[in-house]
Amino acid sequence: MKEIKAYVREHMLDQVIDALARVPELPGIAIVSVREFGHAVENGRLIKTEMVKLEIDVPDELVAPVVETIVEHARTGEGHPGDGKVFVSELREAIRIADGTRGDTAVRR
């Protein structure tokens, strides 16, 4: 199991979510608004960029299609500094609150 965290430009969110909705068996997405500094430098100063953070917990076989979808649909044109980043981390445990299901099954729909 993996946790995917992606920071993307806020104005690209709908495009990314629409594309992720087409990934078979995607369990769900948490979206968090963030205040991000440091994506671009203007006159030697960091400037604020409106970003959102996506958090997606997936079984191992969904990591590649989810990451590829985010990167493809979050990129602005040819790509620019500040388009965002994707991080993939190992999940040690997952527990579904509704029924106590644990492990890989807990992150599936």
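What follows is a conversation about a predicted protein model and its residue T76.

Modeller: In this predicted model, local features need pLDDT of at least 70 and side-chain atom pairs count only at pLDDT 80 or more, while totals for chains, interfaces and linings use all residues. Residues are numbered from 1 along each chain as its sequence is written, and side-chain values use heavy atoms, with hydrogens and water left out.

Biologist: What makes up the secondary structure of the protein?

Modeller: There are two helices and four strands, and from the N terminus on they run β-α-β-β-α-β; helices (H or I, at least four residues) and strands (E, at least two) are DSSP runs, numbered from the N terminus. T76 itself lies in the loop between helix 2 (63-74) and strand 4 (84-90).

Biologist: Why is T76 called buried?

Modeller: Buried means under 20% relative accessible area, with exposed over 50% and partly exposed in between, using a 1.4 Å probe and protein chains only; T76 has a relative accessible area of 15%, and is therefore buried. Buried residues make up 36% of the 109 residues in the protein.

Biologist: How do you know that the side chain of T76 makes a polar contact with the side chain of D83?

Modeller: A polar contact is a pair of N or O atoms within 3.5 Å, where, within protein, one must be able to donate a hydrogen and the other to accept it, and residues adjacent in sequence count only if both atoms are side-chain atoms. The two side chains, of T76 and D83, make such a contact at 2.7 Å.

Biologist: Which residues is T76 in contact with, leaving aside its neighbours within four places in sequence?

Modeller: Contact means heavy atoms within 4.5 Å, and on that basis T76 is in contact with R9, H11, M12 and D83.
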